Amino acid sequence: MQARLSACTFVAGFQSRVITARYPDLPVVENTDWTETGSGASLLVAPLNVGQSTLVSYGDILYRRWLVERLRVSRSAIAVAWDSAWRRRYAGRSEADLARCEKVAVADGLAVRLGADIPTDWADGEFIGLVHFAPEAVEWLCRLQEHLPESLRTVHLAGLIEYLRAQGLAVEAVDVRGDWAEVNEPQDIAHFVLGTKAETLDRLRGMVRSATILDQVAFTVADWREDRAGCLQRVQGQLGGQPLVVRSSARSEDAFTASNAGAYDSVLGVDPDTGLERAVEQVIGSYAGIEGEDQVLVQPMLDDVAISGVAFTRTLERGAPWYVINYERDGDTEGITSGSSENHATLIHRRGVDRPELPDPRLAGVLTALAEIEGLLGFDALDVEFAVDGGDRGHILQVRPIAVDRAGAGVSDAACDQALDEAHQTWQRLAPTPPQLPGEAAPLYGVMPDWNPAEIIGTAPGQLAESLYRELVMDEVWAQQRAEYGYRDVRPAPLLVSFAGRPYVDVRASFASFIPATVSEPVAAKLLRFYVDWLRARAQLHDKVEFEVVPTCLAPGFAGWERRLREEAGLQEAEIAELRAGLHGITAHAFTRGEQDLAAIERLAERYQRIHSAELDPLERARLLLDDCRRLGTLPFAHLARSGFVAVTLLRGAEATGAISAAARESFLSTLRTVSHQLTADARATAEGAMSWDAFVARYGHLRPGTYDIHSPRYDADPERFLRPLVEHANEAELEQADASAWEQERPAFLAALAELDLPAEAEAVERFLRQAIEGREYAKFVFSRNLSAALEALAAFGAEHGLGRSELADLPVSDLLATRDARRPGADAIEALRGQAAANREARQIAEACELPPLIGHPGELDAFLLGADRPNFVGAGAVTAEAIDLARHSADAPPPIAARIALIPQADPGYDWLFGQGIAGLITLFGGANSHMAIRAAEFGLPAAIGVGEQRYRELHQARVLELDPPREILRVIR
């Protein structure tokens, strides 16, 4: 195009000196009156030659060569470019902006009126700022240069053209149909460059230097239908006889508002002589609503692929400043996009941070290419498909915008960066081993190794939920229980620490608290260092700590732990014997303490009734309920939970060593009657009239899906939604029938295995312990959660009295709320202070939600870049199911979706989700949760196929799927579509 221009002149006004200094070879003329005149007058400052046509363009627009050629060949005196797609050219265009822009009215291909003053509902489109003047029109412009009417001094270019049209000059209107860009925002360039898959790759091919974009041939569906042979000939002529890939490139793909990623077919390994025509037909046949302008893209088949995948240059959910690179480690170029990959990982890399050593160095070139493409486009919210060959050369297979509306996300990059910088400071402050812990061990923090905060309160909880969890468990109770049980006393050592507003367990404190108190300091130091380093090297075990990382009791199969400690940790026989003796004492003691722990729970239940019936101020009621909950609820619950772990470990150990069969273990579990089992039995009794509806609601109404979340509705707040389905479907629920035959047959072998360890082996005592521990844990949780739930409602009542909603209360720590009880009537200033604090905390929580952190942090560099592998889920159930999936986290609690016959996905394995089991779900998947979590036990009771604790990497993939296959017996969990 430049060769056709005899001269080029830039008319400057604002910052003209800067322009001339930066571009010294550019001919520039200055409109010195630019502040007083319009763009029409600026044009008349330029040198114009009578007898020559002139192309005039605004300096802040982008357009394509075809448009210039089309204007140039016009036979009219004036030809203007206009856009009929003006209203939808970019998302969110306001009516005010439409009214303000230069508009055009068009009839029979001619502009019949131009200007910003045209009413919006009269206009046919927008004048884009590009016009061609034929010599006849240039002559008029030269006359205006000599004498400009005062009325034209302030008009813009469209107004000047309208003046010439009024003088009798014909104005042809050429419609660009949205194929242009006005460079007001960084993404405008991206809007212009990014088109269909084929168009985008073609436009970037000559620009990207750090990666390869393969040769291509593209044609439209209309081209194919009109000249199939010609299309085939083009492909064979340009790409030769090499294997090909035929890819979709429809207009409905890869847009800013919808990607339709993976919706259409691609065909790999196509023989250009025998398979090309069939492959093209398959791709076109996969399009929904085929249009003639849809395209097909053909490229050489890339061979020697080492890794391939998809990279997001910002997080998909919130647009936060992290690269998210999901890749297939076996080189399958469709494994990630199709969801069929079984050997994949995800690199999460904070933008703007140069980490010298990546978790997978092969991705260094991919990061470089992503940064280059972002720079070329001036846009940093991209979805890029890539491959890396055996020579570590990157290949770009597709570039498209991230098609997610993040309006209202409201978290800036700077806020995320500040949160992560503070997280680094926290790491440095906490790095030295606390003096109450044995020896020296490098820091390690996780969201699931102990007391599972990610499962119980979530990864970015509000201040109220987190402070309650600290108060009731994580500050003191957890360590007190361990010390009382016979383990090492690690107090004062809060178990919960925070990085960028996200709660983590201090693994050093946790693992030290599992060392028996009788173990000497030198041996304890060796054990702690070994345990921590073992998990650090095997992050996938972070939610299976007690079964695969740390021995916490003496059970059948302990010889395996002894072998590991001897061969891997280098402990001497005497040191191992010291640990064994300590664990023996703890395990034997577990058989004797169940009664006292259950008695404390009964005292809690009794005191609850007295508090419930008393006339109390809401905050005083909350204080009493929480104090009782801590002393008589969570502490005995922690003891019963610990005993429950011991009981389950004894059963699992006996099965693993062959003392009993899996059938015998399942047989014993079928005889248990936990609260969850009782809930279903009571629902059935209510359905049959043996239990009244009111009594059913009164017994279970305190439950809520989020035990610590004041937002989470109690069952009795909406019993028709949460409890009525349990009753209506009670007879459909498959309640496992007690069948003790296999257990009774193999029980002697189990008792013999215990006797070999010198543990209690009398049948009645052993069964009483197993039953008390496993059933008691669930019962204790049920009872203490009633206190907690009532305390949350008391806090809500206080808030209602003073104009503080649940949303505000959720972002206030419980200590600050209870502190106001000293004032009988908190003043307006105090309430406003709380409201301001809640707003600040809410902003901090939103930042925490946007930040990306790994489930296990073993090095400060992992605060900036980490690898997520596919965690091994805890599979439960003997059946298999293939069904539609529904992610409940994506739906409001106020408008629950239909979930019957679907596989339900939930982030947490919280007992408040028991209502799901009355909805006829086909299967259950949780993001967090261990092998011994509530939902694992619940699913086992009902024989429901479940995958508990699938991990963040796998959950990210599953929650976008429509249909899943869940087959616990074969440990299969995969996306069908």
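1. In this predicted model, helix H10 (residues 228-239) lies across strands S11, S12 and S14, and the helix runs at about 170 degrees to S11.

2. The strands beneath belong to an open sheet of four, arranged in the order S11-S14-S12-S13 with antiparallel pairing. Strand S11 (217-220) and strand S13 (267-270) stand at the edges with a single partner strand each, so one side of each is left without a neighbour in the sheet. On average, and with direction ignored, neighbouring strands of this sheet are turned by 20 degrees against each other.

3. As for the pairing of the edge strand S11, four bridges join S11 to strand S14 (residues 295-300), the two running antiparallel; within S14, Gln295 is the bridge partner of Thr220. Helix H8 (residues 197-205) also packs on the sheet, where H8 touches S11, strand S12 (244-249) and S14, and the direction of H8 makes about 50 degrees with that of S14.

4. Elsewhere in the chain numbering, the axes of helix H23 (residues 594-613) and helix H31 (residues 763-801) come within 10 Å and cross at roughly 25 degrees. Because angles under 35 degrees count as roughly parallel, H23 is roughly parallel to H31, and the crossing of the two helices is left-handed.

5. The residues that make this contact include Gly594, Glu595, Leu598 and Tyr608 on the H23 side, and Arg768, Gly776, Phe784 and Ala790 on the H31 side. Sorted by class, the contact of H23 with H31 has ten nonpolar, four polar and four charged residues.

Methods:
Residues are numbered from 1 along each chain as its sequence is written. This is a predicted model: local features need pLDDT of at least 70, side-chain atom pairs count only at pLDDT 80 or more; totals for chains, interfaces and linings use all residues. Side-chain values use heavy atoms; hydrogens and water are left out. Axes are lines fitted to C-alpha atoms, for helices over the stretch in contact, and angles run from 0 to 180 degrees between N-to-C directions. Angles under 35 degrees count as roughly parallel, over 145 as roughly antiparallel, 65 to 115 as roughly perpendicular and the rest as oblique. A crossing is left-handed if the near helix is turned anticlockwise from the far one by less than a right angle, and right-handed if clockwise. Contact means heavy atoms within 4.5 Å. Ala, Val, Leu, Ile, Met, Phe, Trp, Tyr, Cys and Pro count as nonpolar, Asp, Glu, Lys and Arg as charged, and the others, Gly among them, as polar. Two strands pair if DSSP finds at least two bridges between them.
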